[in-house]
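Let's walk through how the helices in this model sit against one another. Have a look at the fold first, then follow along below.

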Amino acid sequence: MRNSGIKKMKFAIEAEDAIIGIVCGLLVVTYTGKLYPLKLNEFVYVAAFAVFIIFIVLDVINEFKDWTQIGLTLLSIAHNAVDFVISLAFISHFSGVNIPYITSTLVPYLQNEPVMAGAGIFLVASNALWLLTMPFWM
């Protein structure tokens with residue numbers, strides 16, 4: 001009996017990258033104090049975004065393996081690319097690690113709290129949208 005609904009590179013469920021993206025977005029929004037003021041150690045943010053990057057990479061691999069709906073696959077890869085770049089920017093911001101191009105181009109924007117909150121809101125909203133619409137395209 002073949003179970004084609006489960007992808008081999010995923011750990012538990014299909015939407016784990018979207019759930020982690022929502023959590024990372026909420027961490028950023030609370031860091032800025034827009035929802036609830038909560039500033040944790042910078043290592044927590046670096047670790048959360050590092051885990052998010054791992055799941056983004058796994059999701060992109062799965063998208064290439066499951067190339068059934070080309071438009072949706074390309075949209076998912078584009079969304080993952082944006083999440084990946086945002087994650088790298090936050091890792092660079094919170095850790096102080098110099099990531100070529102990302103640190104010099106994007107991290108200065110993260111010094112502005114409204115931009116940081118906007119990036120967090122984008123992560124929450126876009127990943128929640130993927131999570132809510134997932135049952136309709138599976």
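**Helix against helix**

Start with helix H1 (residues 16-32) and helix H2 (residues 42-65), which pack at about 155° with their axes 9 Å apart. Helices here are DSSP runs of H or I, at least four residues, numbered from the N terminus; axes are lines fitted to C-alpha atoms over the stretch in contact, and angles run from 0 to 180 degrees between N-to-C directions. This is a predicted model, where local features need pLDDT of at least 70, side-chain atom pairs count only at pLDDT 80 or more, and totals for chains, interfaces and linings use all residues. Residues are numbered from 1 along each chain as its sequence is written, and side-chain values use heavy atoms, with hydrogens and water left out.

Given that angle, H1 and H2 are therefore roughly antiparallel (over 145 degrees). Among the residues making the contact (heavy atoms within 4.5 Å) are Ile20, Cys24 and Leu27 of H1 and Tyr45, Phe49 and Phe52 of H2.

H1 itself is mostly covered, with 14 of its 17 residues buried (under 20% relative accessible area, 1.4 Å probe, protein chains only). Just after H1 comes Gly33, with a positive phi near 85°.

Now flip to H2's other partner. The axes of H2 and helix H3 (residues 70-95) come within 9 Å and cross at roughly 160°, so this pair is roughly antiparallel too. H2 brings residues including Tyr45, Phe49 and Phe52 to this contact, and they meet a set in H3 that includes Ile77, Phe84 and Ile91.

Definitions and conventions:
Helices (H or I, at least four residues) and strands (E, at least two) are DSSP runs, numbered from the N terminus. Angles under 35 degrees count as roughly parallel, over 145 as roughly antiparallel, 65 to 115 as roughly perpendicular and the rest as oblique. Buried means under 20% relative accessible area, exposed over 50%, partly exposed in between (1.4 Å probe, protein chains only).
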